[in-house]
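Here is a short set of exercises to work through with the model open beside you. Try each task before reading its solution.

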Amino acid sequence: MKTKRVSTFLVLCTVCAVSLAGCSSGGGAGDSKDSSAAPSANASTGGQEALKLNIMLPVFKTNYPKDDSPVAAELEKRTGTDIHFEWVPNASYADKFNITLASGNLPKIIYVPDPKGPSFVSAVKSGAFWDLTDKLKNYPNLGQASEVILNNASINGKTYGVYRGRELGRNGVYYRQDWLEKVGLEQPKTIDDFYHMLKAFKEKDPDGNGKDDTYGLVMVKWTAGWGAGFDQIKLWFGAPNVWGEKDGKLVPEFEYEEYVEALKFMKKLYDEKLVNQDFAVMDSAKWTDPLVNGQAGAVIDVVDGAARVDDKIHAALKAAGKEDAREHYMDVFGALTGPDGQLRTLPTSGFSGLLAIPKSSVKTEEELDRILKFLDQLNEPDLQTLTSFGLEGVHYKKIDDKTLERSPDSVLLESEVEGLNQMVPYIPEGKGLQVAQTPLRLKQTEIQAKNRDTIVANPAEPFISEVYSQKGQQLGNIINDARIKFIVGQIDEKGWRDAIELWKKSGGNDYVKEINELYAASKS
């Protein structure tokens with residue numbers, strides 16, 4: 001599939017690395033030096049009683065802020081709210097979301113990981129969530145939402161949640177640069193280079209302890225929207241992004257030979273033990289632990305993860321009395337050149353899930369308005385800083401009007417801040433203080449901008465399929481199970497083709513037919 005440049009996306013906001021999903025940062029306790037400048041609860045709510053909110057959000061760490069943590073308390077003070085956080089581990093969030101949806105006992109704000117997923121689409125069609133299509137324009141920040149992203153996140157052109165804005169060119173690879181130097185290699189440029197790096201990370205004792213106890217790549221449980229790295233690998237090989245176009249028709253990605261070649265590459269990594277053998281069940285909350293602990297050398301994820309891992313390595317070495325003068329242990333790159341010499345980058349959709357408001361728990365327009373005002377207020381610079389980094393003088397030190405230095409106390413940050421920014425829309429953009437721009441962070445930003453030039457779009461992203469809403473989970477499980485079985489050697493290529501035939505007979509053919517009808521209609 002030929003790489004597509006999505007020029008219309010370039011106007012979208014670039015959200016700071018620390019604000020992105022799965023990558024929360026900041027946290028702490030104590031009094032904020034700038035809290036006196038914050039509006040009081042009465043000022044922000046016009047003298048009303050505190051707005052009681054319960055919010056269900058994903059968490060990417062085993063530790064997280066409690067309701068009475070100092071940062072949460074400061075947030076409540078500034079927004080005139082009384083908040084209960086319902087934290088759910090990211091690896092099990094999709095299951096918990098579906099269970100919560102089915103129970104009917106919904107929070108007032110719920111994070112929707114897959115706005116096109118069958119459970120949410122079905123709930124929307126049954127009238128379970130507020131239609132915000134004509135409402136967001138009434139709020140100063142939410143009213144600046146990108147029309148492109150709104151369309152990507154819509155259901156049949158209607159908006160049923162506040163999207164969480166994200167950088168389009170966010171994906172890539174980060175790795176242990178100190179290890180690469182130790183094994184005598186340079187940064188990979190091709191898929192073969194990448195393989196040789198991973199092999200060296202396993203076989204050439206990159207940690208220098210004389211033991212055979214390292215491996216190359218960390219991958220985690222396959223979860224919707226994450227793909228555990230494979231969604232990037234398949235594009236490197238030339239497969240499309242979910243759907244590809246052949247002779248004017250849309251074809252599922254897994255029917256491309258390039259997709260199969262990517263699976264073979266993954267199987268090779270697995271067979272040679274260059275990837276963790278428990279990748280199919282590994283919790284994403286522990287994704288970067290092997291890099292920090294010196295067990296593994298690379299992760300395929302979002303490039304802004306590099307600086308966060310770098311910070312943790314520094315903290316761990318300092319705590320052990322082993323830190324040296326090295327500025328960065330991590331490095332980062334975007335896509336790898338494929339067999340045809342092309343670069344292909346997996347884009348985000350410009351958003352990471354929705355913050356939806358159920359009608360069963362928010363029954364009046366008045367309460368809906370207060371909640372939207374709260375979500376709008378979260379986009380203000382001071383609250384973006386608070387939810388990402390915590391309290392000045394406790395969780396971070398302010399360097400100047402634009403930058404800060406985070407506390408090195410990772411336990412403090414995890415227990416009091418990290419995760420709070422999962423509820424921030426970042427509309428129209430990231431506006432709070434940023435971590436001081438080290439060379440690694442500057443490189444991350446440059447790579448994200450450069451990645452936009454090689455983005456491969458999903459041509460079917462705006463479409464809502466009735467078939468998928470009914471059978472999407474079943475269809476997804478068929479392919480997901482088959483690709484894992486192929487990688488670990490439980491099925492061969494014939495077994496893979498058999499799984500595709502099962503997919504087709506289980507509703508896949510109807511799904512392809514419907515998507516192509518929607519595709520044709522969009523062009524007419």
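**Exercise 1. Find out how many helices and strands the chain has, and how much of the chain is buried.**

Solution. Start with the elements: the chain holds 17 helices and 14 strands. Here helices (H or I, at least four residues) and strands (E, at least two) are DSSP runs, numbered from the N terminus. This is a predicted model, where local features need pLDDT of at least 70, side-chain atom pairs count only at pLDDT 80 or more, and totals for chains, interfaces and linings use all residues. Residues are numbered from 1 along each chain as its sequence is written, and side-chain values use heavy atoms, with hydrogens and water left out.

Next, burial: of the 524 residues in the chain, 57% are buried. Buried means under 20% relative accessible area, exposed over 50%, and partly exposed in between (1.4 Å probe, protein chains only).

Then take the surface: about 21,400 Å² is exposed by the chain, and carbon and sulfur atoms supply 49% of it. These areas come from the Shrake-Rupley method with a 1.4 Å probe; for residues, only the protein chains shown count as cover.

Last, look at contacts (heavy atoms within 4.5 Å). Among those between residues at least 6 apart in sequence, 80% join residues at least 24 apart.

**Exercise 2. Describe the second largest pocket: which residues lie nearest its centre, and which element gives the most to its lining?**

Solution. Begin with the term. On a 1 Å grid over the protein atoms alone, a pocket is an open set of points where a 1.4 Å probe fits, with protein on both sides within 12 Å along at least five of seven lines; lining residues have an atom within 4 Å of a point. The volume of the second largest pocket is about 1,100 Å³, taken as the space filled by probe spheres set on the points, with grid points joined across faces, edges and corners.

Now the lining: 48 residues line this pocket, and Ala307, Arg308, Asp311, Lys312 and Arg406 lie nearest its centre. Two or more lining residues come from each of helix 10 (289-292), helix 11 (305-319), strand 13 (403-406), helix 14 (410-416) and helix 15 (439-451). Helix 11 gives the most, with 11 residues.

Finally, sort the lining by type: 18 residues are nonpolar, 12 polar and 18 charged. In this count Ala, Val, Leu, Ile, Met, Phe, Trp, Tyr, Cys and Pro are nonpolar, Asp, Glu, Lys and Arg are charged, and the others, Gly among them, are polar.

**Exercise 3. Trace the salt bridges of Arg308 and Asp311, and name the network that Asp311 belongs to.**

Solution. The whole structure has 31 salt bridges, each a side-chain nitrogen of Lys or Arg within 4 Å of a carboxyl oxygen of Asp or Glu. Arg308 pairs with Asp304, and their closest N and O atoms are 2.9 Å apart. Both Arg308 and Asp304 are buried.

Asp311 meets Arg441 in a salt bridge, also given as 2.9 Å from N to O. This pair links distant parts of the chain, with Asp311 in helix 11 and Arg441 in helix 15, 130 residues apart. Asp311 is partly exposed at 28% relative accessible area, while Arg441 is buried at 8%. Salt bridges with shared partners join Lys61, Asp311, Arg406, Glu418 and Arg441 into one network.

**Exercise 4. Work out how many residues separate Lys234 and Asp231 within helix 8.**

Solution. The two residues are 3 apart in helix 8 (residues 230-236), so about one helical turn separates them. Their side chains form a salt bridge of 3.0 Å, N to O. As for cover, Lys234 is buried at 2% relative accessible area, and Asp231 is buried at 16%.

**Exercise 5. Explain why helix 13 counts as largely enclosed, and list what covers it.**

Solution. Count first: 7 of the 9 residues of helix 13 (residues 381-389) are buried, so the rest of the structure largely encloses this helix. The buried residues include Leu383, Leu386 and Phe389. Their cover includes helix 2 (70-79), helix 12 (365-377), strand 12 (396-398), strand 13 and strand 14 (434-435). Just past helix 13, Gly390 adopts a positive phi of about 90 degrees.
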